[in-house]
Amino acid sequence: MISRLIAAWPLERYQLWLTYADGTEGAIDIEEQLAPWSLETLRDVREFRKLRIDRSRSLIVWPSGVDLDARRLYQKIKKQRFLKNTGR
């Protein structure tokens, strides 16, 4: 089961710190997940920092129309933590 996203903070360029209800949290680089057209608006740090959580659809969204699936990001964070903990 995938946990609900409860907090998201913008970090450095295209990186987010995400916290989920089950205690899973971590930094993730989202650059590879953004379509080229959406990168242009998020290059502006002020725009990147305007993210919000759409809990009804489990998305991280920006006013420019860019959105990311919080469930997919959860799986990536879990995988990163697994690889780190197993030394892979």
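Two strands are said to pair if DSSP finds at least two bridges between them. With that in mind, the sheets of this predicted model can be followed strand by strand.

Strand 2, which covers residues 15-20, is joined to strand 3 by five bridges, and the two run antiparallel. One place to see this pairing is W17, which stands opposite A27 in strand 3. On its other flank, strand 2 meets strand 1, again in the antiparallel sense and over five bridges. Here L5 has Y20 of strand 2 as its bridge partner. Strands 1 and 2 form a hairpin, with four residues between them. In the turn of this hairpin, Y14 has a positive phi of about 60 degrees.

Taken together, these three strands make an open sheet in the order 1-2-3, with antiparallel pairing. Strand 1 (5-10) and strand 3 (25-29) each have a single partner strand, so one side of each is left without a neighbour in the sheet. Direction ignored, neighbouring strands of this sheet are turned by 25 degrees against each other on average. Helix 3, formed by residues 70-86, packs on the sheet and touches strand 1, strand 2 and strand 3. The direction of helix 3 makes about 105 degrees with that of strand 3.

The surface offers another feature to look for. W9, L11 and W17 make a nonpolar surface patch of about 280 Å². Of these residues, W17 has already appeared as the residue opposite A27, while L11 lies in the loop between strand 1 and strand 2. L11 has a relative accessible area of 33% and counts as partly exposed, because this value falls between the limits of 20% for buried and 50% for exposed. The value for L11 also fits the patch criterion of over 30% relative accessible area.

A further sheet comes later in the chain. Three strands form this open sheet in the order 4-5-6, and the pairing is antiparallel. Its edges are strand 4 (52-54) and strand 6 (67-69), each of which pairs on one side only. From one strand to the next, the twist averages 30 degrees. Strand 5, residues 59-61, pairs with strand 6 over three bridges in the antiparallel sense, and L59 stands opposite D69 in strand 6. Helix 3 packs on this sheet too, touching strand 5 and strand 6. Its direction makes about 55 degrees with that of strand 6. Helix 3 is thus a handy landmark for a reader new to the model, packing on the 1-2-3 sheet and on the 4-5-6 sheet.

Key. Residues numbered from 1 in each chain as written. Predicted model: local features only at pLDDT ≥ 70, side-chain atom pairs only at ≥ 80, totals over all residues. Heavy atoms only, no water. Axes fitted to C-alpha atoms, helices over the stretch in contact; angles between N-to-C directions. Contact = heavy atoms within 4.5 Å. Patch = residues over 30% accessible without salt bridge, like charges linked within 9 Å, V, L, I, M, F, W, Y side chains within 5 Å. Areas by Shrake-Rupley, 256 points an atom, 1.4 Å probe, with all protein chains shown as cover. Salt bridge = Lys/Arg side-chain N within 4 Å of Asp/Glu carboxyl O. Buried < 20%, exposed > 50% of the residue type's maximum accessible area, 1.4 Å probe, protein only.
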